[in-house]
Amino acid sequence: MDAAGHVTELNDVARVLLPNARLGLQLSGPGWLAEAHRTSKTAEVSGAVDDRFFSALPRAAAAGGTAWWLVEETAHQAVLQQLDDQRERTKFLAEASGVLLASLNLDRCMEVTASLAAEHLADAAVVIALTTSRRHPLVIIDHQGRLTRSTVAGAVEAVPGLSEALQGFPPVPSRWIVPASAPGWLIPEDFGEVGSLVITPLPGHGVPAGALVLLRRTQQAAFNEAEEAFAGLFAARAGAAMSAARLYAEQSTIVDVLMQDLLPPDVRNVQGVEFAGGYRPSVDTDRIGGDFYDVHPPAEDNPETLAVLGDVCGKGLQAAVLTGKIRNTLRALLPMADDHGRLLRLLNGALLSRSRAKFATLVLASVRRADRDVVIRLTCAGHPPPLIVRRDGTVEEADTAGSLIGVLPRITSRGTSVRLAPGDTCLMFTDGVTEARSGPLGDTEYGEQRLRRALTRCGGMPADAIVEHVQMLIAEWVGDGTHDDIAVLAITAPRGTHLSAVDGTTRGRYTA
């Protein structure tokens with residue numbers, strides 16, 4: 001082209017590429033080349049000609065003209081575009097993995113999966129989770145970001161490729177699926193006509209996690225093979241997250257079920273006697289530990305209520321497992337609760353028969369009403385003796401002692417009987433109370449003397465108030481420091497007659 005922009009020469013290839021170019025006339029197209037000739041005849045430029053991509057290199061020609069050499073770079077540009085797309089996809093997968101793995105809640109994982117898929121891969125996305133029942137939960141996110149939750153049963157078998165995806169089989173190519181065959185429950189409301197549809201499995205840990213369905217409207221281009229393959233990569237990450245969330249939920253359910261028998265029971269009034277218990281594990285984030293208490297109401301062959309408080313050697317889950325074994329064994333031995341010595345000997349034999357069993361300390365209290373008073377038979381086995389808090393604030397130590405459980409083939413124990421007048425309390429506690437440490441060096445124990453002085457102010461108080469007071473004192477003493485498991489059980493003779501109770505077991509008012 002000359003300085004004025006007229007075409008002065010065309011080779012044969014240029015005539016084919018630019019059929020509208022005419023000698024002696026202004027170059028009409030492509031526009032990017034004509035503009036480059038007008039503005040700058042020295043810089044390399046690039047642009048598209050129809051569906052091909054070229055770079056144009058200027059060279060000075062005679063009489064002030066410019067020769068433009070066009071070099072096709074369609075393949076190179078396609079590679080660069082693929083590289084950019086791959087970088088974007090890699091970045092998206094990395095970000096998606098972080099978001100998906102941030103939650104162990106299955107519902108949340110399904111929402112995130114559907115949201116990411118609808119935003120980056122399609123106009124709408126459906127996530128179907130696999131369950132043990134025939135009803136599968138699903139989440140739908142449409143092109144406007146609206147979320148819908150529902151369930152689907154046997155209808156999945158009517159969707160080509162969906163039942164296979166839920167079984168973990170490789171995805172069916174989208175070109176084999178007729179979009180018009182998609183049922184109404186699979187299409188978001190006001191979505192319009194479905195132009196293309198992809199169904200890909202969500203692989204999990206050993207078993208499929210579900211299926212991902214991607215939908216595009218007719219205005220959008222159909223899914224190509226590269227997009228389907230990328231959807232599979234995304235589905236692999238989403239399926240792993242959903243599978244982990246489901247396994248976590250199943251394990252949490254199992255743990256909750258197994259833990260029910262290990263948690264401290266809710267004690268209450270039994271036959272007109274007040275019972276109150278409190279428990280604090282050595283680690284505040286734990287729910288169970290090595291200390292325990294139980295209150296067993298009277299049975300047909302035993303008119304006394306059996307209260308048990310114990311301390312197993314160790315902390316945490318291992319101690320809690322042994323605690324559960326001891327509590328179950330004691331429950332089986334309830335028919336022999338009238339003889340504390342025999343019960344302890346049988347329990348000792350049961351623990352000795354277990355390999356690597358650790359020792360435990362116990363205190364047994366058989367409780368019955370005697371007119372307005374409460375009579376308690378107490379027997380300790382290696383445990384600190386209970387303290388008797390009289391209504392006037394006097395504190396006495398019960399005269400009972402015995403050897404540890406689960407250590408020696410033969411154990412010894414000495415029981416005692418205590419009579420509680422109205423307003424008196426028998427307080428049973430583990431060594432986590434008296435051995436709680438504090439002070440400048442963290443080595444000063446709370447001790448039994450401090451506990452006794454504190455209990456002198458608790459005369460006549462209800463059982464639950466005494467337990468709460470002791471727990472508060474120990475919590476203030478240890479502060480943020482470490483401590484052992486703490487268990488407290490109080491047995492109180494009511495201060496008056498139970499007016500509103502018919503059988504002596506229900507809550508009600510008491511006279512002064």
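## A tour of charges and rings

Glutamate 35 is a good residue to select first: with a relative accessible area of 37%, the side chain is partly exposed. Keep in mind that you are looking at a predicted model.

**Stop 1: a bridge within a helix.** Leave Glu35 selected and add arginine 38. Their closest N and O atoms are 2.6 Å apart, and the two residues form a salt bridge. Both sit in helix 2 (residues 31-39), and because they are three residues apart there, about one helical turn separates them. Arginine 38 is exposed, at a relative accessible area of 57%. If you want the wider tally before moving on, the structure holds 19 salt bridges.

**Stop 2: a bridge between a helix and a strand.** Now select aspartate 107 and arginine 149. This salt bridge has its closest N and O atoms 3.9 Å apart. Zoom out a little and you'll see that the pair links distant parts of the chain: aspartate 107 belongs to helix 4 (residues 106-120), arginine 149 to strand 6 (residues 147-152), and they are 42 residues apart. Aspartate 107 has 40% relative accessibility, so it counts as partly exposed. Arginine 149 gets the partly exposed label too, at 35%.

Don't clear that selection yet; add Arg108 and Glu111. Together, Asp107, Arg108, Glu111 and Arg149 are linked in a network of salt bridges.

**Stop 3: a bridge with a buried acid.** Move to aspartate 142 and arginine 146. They form a salt bridge, and the closest N and O atoms are 2.6 Å apart. Which partner is buried? Aspartate 142 is, at 5% relative accessibility. Arginine 146, on the other hand, is partly exposed at 38%.

**Stop 4: stacked rings.** Time to switch from charges to rings. A pair of aromatic rings is described by the distance of the centres and the angle of the planes, so have both tools ready in the viewer. How many aromatic pairs does the structure hold? There are three. One of them is phenylalanine 92 with phenylalanine 234, a stacked pair at 5.6 Å centre to centre, with 25° between the planes. Colour by secondary structure here: phenylalanine 92 lies in helix 3 (residues 74-100) and phenylalanine 234 in helix 6 (residues 225-259), so the pair ties together parts that are 142 residues apart in sequence. Phenylalanine 92 and phenylalanine 234 are both buried.

**Stop 5: an edge-to-face pair.** Next, pick tyrosine 446 and tryptophan 477. Their ring centres are 5.5 Å apart and the planes meet at 75°, so this pair is edge-to-face. Tyrosine 446 is in the loop between strand 20 (444-445) and helix 10 (447-455), while tryptophan 477 is in helix 11 (residues 463-478), so parts 31 residues apart in sequence are tied together. Tyrosine 446 counts as buried, with 7% relative accessibility.

Before leaving the rings, go back to Phe92 and Phe234 and add Phe230: the three form one aromatic cluster.

**Stop 6: a negative patch.** For the last stop, turn on the surface and select Glu300, Asp301, Asp338 and Asp339. These residues form a negative surface patch. Where does glutamate 300 lie? Look in the loop between strand 10 (291-296) and strand 11 (305-312). Glutamate 300 is exposed, with a relative accessible area of 87%.

Key
Residues numbered from 1 in each chain as written. Predicted model: local features only at pLDDT ≥ 70, side-chain atom pairs only at ≥ 80, totals over all residues. Heavy atoms only, no water. Patch = residues over 30% accessible without salt bridge, like charges linked within 9 Å, V, L, I, M, F, W, Y side chains within 5 Å. Areas by Shrake-Rupley, 256 points an atom, 1.4 Å probe, with all protein chains shown as cover. Salt bridge = Lys/Arg side-chain N within 4 Å of Asp/Glu carboxyl O. Lys, Arg positive; Asp, Glu negative; His and termini not counted. Charge placed at Lys NZ, Arg CZ, Asp CG, Glu CD. Helix = DSSP H or I, 4+ residues; strand = E, 2+ residues; numbered from the N terminus. Buried < 20%, exposed > 50% of the residue type's maximum accessible area, 1.4 Å probe, protein only. Phe/Tyr/Trp six-rings, centres within 6.5 Å; stacked < 30°, edge-to-face > 60°.
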